[in-house]
Amino acid sequence: MHSDLPLPESDALAHSEQLAAHLRAEILAQGGAMPFSRFMELVLYAPGWGYYSAGASKFGAAGDFVTAPEMGTLFAAATANALAPVVREVGPQARVLELGGGSGAFAEVALGRLAELDALPARYAILEPSADLRQRQRQRLQDALDPAVFARVEWLDRPFEDEWDGALFANEVIDALPTPRFLVDEGEVYEETVELDGEGRFVRGAQPADMLLSAAVRHVERYLERPFADGYRSELLPQLPYWIQAVAGGLRRGAMLFVDYGYTRAEFYQDDRRDGTLRAFYRHRVHNDVYLWPGLQDITASVDFTALAEAGTGAGFDLAGYCHQAGFLLGNGIAGLLEEADERTDEVGRVRLREQFKRLTLPTEMGERFQVMGFSRDVDLSAAFAMGDLTWRL
Ligand SMILES: C[S@@+](CC[C@H](N)C(=O)[O-])C[C@H]1O[C@@H](n2cnc3c(N)ncnc32)[C@H](O)[C@@H]1O
């Protein structure tokens, strides 16, 4: 069934089997069914066991997927170009908050570029739930950054609790939030659960949705001006407005940028996308069996950017722009950065830079599959979206 996937090492399989045993025990303790969102939370984040919490390498060629900051310097440097005017505008007390710092690649390049642009924030905070990733980020940044710059970096357990000014940035974080799945059957809304079959394998189940999830599904139906057909199944993050409030409620003056794969709501909930957008990533292979090898593979769902726009504006921000990643990077100077980097490298480096540029911007690569959404509060972020703004599509 998974003949195209490389088999994990035996110690990794043993680790996964222990997590699976824990999942089975929790399912049984809850009366035989666990909401899918809880399953996703445990397989990704269970301390010591989950995909992001345990020690395996996830990012880059040796891992399971490659994110834009992992490909090289161009993505983070262009994003820093977009953030620098905001940092300067709010003044010397500016903070930058990065959510989900991954390997630390983004912070390393972004801080270097902000320094070049004379826009270093007073504090650069990384909110990273995974203790293992936090450790890797700290090591990398300590090795790579000038000590005076490293002294501005800090790690947070929770978002800033005081009021602050500056910029918030998140690449591929919303797609990693544990998401509920819903199912519509005979007009009623159900929440997808994970249950066990007679042999202890994980299988899909369903239970009546609670009020929060059903109200969110009805909200989407009203927006689409049509009910979901019977049997329609997808993902939805009813907690997104609360999450935005939690991470950015204290941001008094500044901007937020979110980059992720996803669509507008009308595209996300197309009639023929009847099983949602959930995918699993293992060693650069994408597949649909999210129950396979718990803790060893990444699981993600695409982002409904209309929902993100609603959540951001609901938290009191202005929607500053929405565009494909390609438009955003081109509008924020990626071509100039490529030329500058060209001059600092050799022939092989130039070929790699071109490859990176193409992967980030070509429509068939990340250029149009990834979207960027910006919000502002009492600052001007419009220049960052001068090219290819698509807010009219939301
Ligand atoms: C797919 S990785 C992306 C990492 C990095 N931003 C990059 O582009 O390479 C998802 C990251 O989000 C983090 N994450 C998950 N839930 C989070 C949350 N609620 N707040 C902040 N970070 C979170 C994960 O631990 C991980 O670092």
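## From the whole chain to the ligand

Start with the protein chain of this predicted model. The chain has 394 residues, for which a compact globule would have a radius of gyration near 21 Å; the protein chain has 21 Å, so the two agree. Turn the C-alpha trace onto its principal axes: the spans are about 60 × 50 × 40 Å. Switch to a cartoon, and the protein chain shows 14 helices and 16 strands.

Next, select the ligand and draw a surface on the protein alone. The space that the ligand takes is the largest pocket.

Now select the residues around the ligand, taking those with a heavy atom within 4 Å of it. This gives 16 residues, and the closest are Tyr 45, Thr 67, Gly 100, Glu 128 and Asn 171. Colour the shell by residue class: ten of its residues are nonpolar, four are polar and two are charged.

Which residues of the shell should be picked for their distances to ligand oxygen? Begin with Thr 67, where a polar side-chain atom lies 2.6 Å from an oxygen atom of the ligand. Move to Asn 171: an N or O atom in its side chain is 2.7 Å from a ligand oxygen atom. Then pick Gly 102, where the atom to choose is a backbone N or O, 3.5 Å from an oxygen atom of the ligand. That distance still counts as a polar contact, because the cut-off is within 3.5 Å.

Finally, show the ligand with the protein surface around it. On its own the ligand has 590 Å² of accessible area, and the protein covers 93% of that.

Technical notes
Residues are numbered from 1 along each chain as its sequence is written. This is a predicted model: local features need pLDDT of at least 70, side-chain atom pairs count only at pLDDT 80 or more; totals for chains, interfaces and linings use all residues. Side-chain values use heavy atoms; hydrogens and water are left out. A polar contact is a pair of N or O atoms within 3.5 Å; within protein, one must be able to donate a hydrogen and the other to accept it, and residues adjacent in sequence count only if both atoms are side-chain atoms. Accessible areas come from the Shrake-Rupley method with a 1.4 Å probe; for residues, only the protein chains shown count as cover. On a 1 Å grid over the protein atoms alone, a cavity is a set of points where a 1.4 Å probe fits but cannot get out, and a pocket is an open set with protein on both sides within 12 Å along at least five of seven lines; lining residues have an atom within 4 Å of a point. A molecule sits in a cavity or pocket if more than half of its atoms lie within 2 Å of its grid points. Ala, Val, Leu, Ile, Met, Phe, Trp, Tyr, Cys and Pro count as nonpolar, Asp, Glu, Lys and Arg as charged, and the others, Gly among them, as polar. Helices (H or I, at least four residues) and strands (E, at least two) are DSSP runs, numbered from the N terminus. The radius of gyration is taken over C-alpha atoms; the globule rule is 2.2 Å times the number of residues to the power 0.38.
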